[in-house]
Amino acid sequence: MQGLGATMIFTATSDGRLDIAGRQTDCVLGRSGVRPAADKREGDGASPLGLWPLRRVLYRPDREPRPATRLPVAAVSPEDGWCDAPGDPAYNQPVRLPYSASAEQLWREDRVYDLIIILGHNDDPPVSPMGSAIFLHLIQPDGAPTAGCVAVSREDMLDLLARARPGDALAILQADPREIQFR
């Protein structure tokens, strides 16, 4: 984490480390590793390198209480989705399901979307096909890579949420090869 005035920058690195206010923990990134944001494409499985604002938090109210955070928070419902169809007018935006184009369902059977932080990647405005639905969300029980997001444990997510404020961001960075620890 680095401070820029009152802004907090949480840092995820390509070697699977996340810095939460100076505390190092594990995270999981995209199955294809990391890629410069200018080279990110829909469906490539890569997490985009860059600095992404923490836009808002979504949570599944039947599984999680409203999280303690200063970020904007909203509950999801079974009808909530996120358009991932390049060329669609709602590309990389929330939609109501069923939707006429391809859209990711936010109300999932697995628990990875029980808590989500929407990251400000390719959203101001969305540009097709530069990537959609880049979130900070919960990790799969087996620790499997994501489709391009950053995933953390529930405990680490709650810690990050408790510290986060509007204006804070997540930096996704290439790890310095000299700092990589072989596990």
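This report covers one buried histidine, the nonpolar cores and the largest pocket of a predicted model.

## Basis

The model is predicted, so local features need pLDDT of at least 70 and side-chain atom pairs pLDDT 80 or more, while totals for chains, interfaces and linings use all residues. Residues are numbered from 1 along each chain as its sequence is written, and side-chain values use heavy atoms, without hydrogens and water.

## His-121

His-121 sits in the loop between β11 (115-119) and β12 (135-138). Strands are DSSP runs of E, at least two residues, and helices are runs of H or I, at least four, numbered from the N terminus. His-121 has a relative accessible area of 3%. That makes it buried (under 20%, 1.4 Å probe, protein chains only).

Beyond four places in sequence, its contacts (heavy atoms within 4.5 Å) include Lys-40, Trp-52, Asn-92 and Met-130.

## Nonpolar cores

A nonpolar core joins buried Ala, Val, Leu, Ile, Met, Phe, Trp, Tyr and Cys residues through side-chain atoms within 4.5 Å. The largest has 28 residues. Leu-54, Ile-117, Leu-160 and Leu-170 touch the most other members. β6 (47-59) gives the largest share, four residues.

Leu-54 touches Phe-10, Leu-71 and Ala-164, among others. Another core, of twelve residues, lies apart; Val-76 and Trp-82 are among them.

## Largest pocket

The largest pocket holds about 310 Å³. Its lining has 23 residues; Glu-104, Tyr-113, Ala-147, Gly-148 and Cys-149 are the closest to its centre. A pocket is an open set of points on a 1 Å grid over the protein atoms alone, where a 1.4 Å probe fits, with protein on both sides within 12 Å along at least five of seven lines; lining residues have an atom within 4 Å of a point.

Note on methods
Buried means under 20% relative accessible area, exposed over 50%, partly exposed in between (1.4 Å probe, protein chains only). Grid points are joined across faces, edges and corners, and a volume is the space filled by probe spheres set on the points.
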